Amino acid sequence: MPFIVRFAVKIALNGLALYAATRLFPTNLTVTGGIGTIFSATVVLALIMTFVRPVIRFVTTPLRWITFGLFNIVINIALLLAADYLLPAVSISGFWPIFWTSFIIAFANTII
């Protein structure tokens, strides 16, 4: 599958995952604005997951081996917090909503 098609599918899956997370945690995960805001958030999230995540995973390979892959959860939470920091329209509060949202988005990213 070409890169552009995979990236477009990744944007769509991240959008669905972010929308599902906003429905599961309506008080702790807020996206102000409409469809345009969710689209921009998913594009930023897809860019982070496509370009930054592999570098961080490569650098933290020994930690992932020692923890039998559980450090991937920390990586996903950190990348979600980075997206939250970059996007003022997205607000996530509390540890458990961040944890479960990162889990939902990581699951969506493993599909493609």
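How many Å² does the protein expose, and what share do carbon and sulfur atoms supply? The protein exposes about 6700 Å². Carbon and sulfur atoms supply 78% of that area. The model is a predicted one.

## Overall fold

The secondary structure comes to five helices and two strands. Along the sequence, these elements follow the pattern α-β-α-α-α-β-α. The radius of gyration is 14 Å, close to the 13 Å that the globule rule gives for 112 residues, so the protein is as compact as a globular protein of that length.

The C-alpha trace spans about 40 × 35 × 20 Å along its principal axes. Of the 112 residues, 42% are buried. Contacts between residues at least 6 apart in sequence were also sorted by separation. Of these, 70% join residues at least 24 apart.

## The cavity

Rolling a probe the size of a water molecule over the atoms shows where empty space is left. Here, one cavity of 30 Å³ or more turns up. The largest cavity holds about 60 Å³ of space.

Which residues line the largest cavity? The lining consists of Leu18, Ala41, Leu45, Leu80, Ala83, Asp84, Leu87, Val90 and Ile92. By class, eight of the lining residues are nonpolar, none is polar and one is charged. The charged residue is Asp84.

## Elements around the cavity

Three elements each supply at least two residues of this lining: α2 (35–59), α4 (71–86) and β2 (90–92). Which of them gives the most? Helix α4 does, with three residues. Leu80, Ala83 and Asp84 are the lining residues that fall within α4 (71–86). Helix α2 (35–59) brings Ala41 and Leu45. Strand β2 (90–92) brings Val90 and Ile92.

## Asn72 in helix α4

Helix α4 also holds Asn72. Is Asn72 buried or exposed? Asn72 is buried, because its relative accessible area of 19% is under the 20% cut-off.

Which residues does Asn72 touch, leaving aside its neighbours within four places in sequence? Asn72 is in contact with Arg57 and Arg64. Arg57 falls within α2 (35–59), an element that also helps to line the largest cavity. Helix α4 thus appears twice in this account: Asn72 lies in α4, and α4 gives the most to the cavity lining.

Key
Residues numbered from 1 in each chain as written. Predicted model: local features only at pLDDT ≥ 70, side-chain atom pairs only at ≥ 80, totals over all residues. Heavy atoms only, no water. 1 Å grid on protein atoms, 1.4 Å probe; cavity = no way out; pocket = protein on both sides within 12 Å on 5 of 7 lines; lining within 4 Å. Points joined across faces, edges and corners; volume = space filled by probe spheres on them. Helix = DSSP H or I, 4+ residues; strand = E, 2+ residues; numbered from the N terminus. Buried < 20%, exposed > 50% of the residue type's maximum accessible area, 1.4 Å probe, protein only. Contact = heavy atoms within 4.5 Å. Rg over C-alpha atoms; globule rule 2.2 N^0.38 Å. Areas by Shrake-Rupley, 256 points an atom, 1.4 Å probe, with all protein chains shown as cover.
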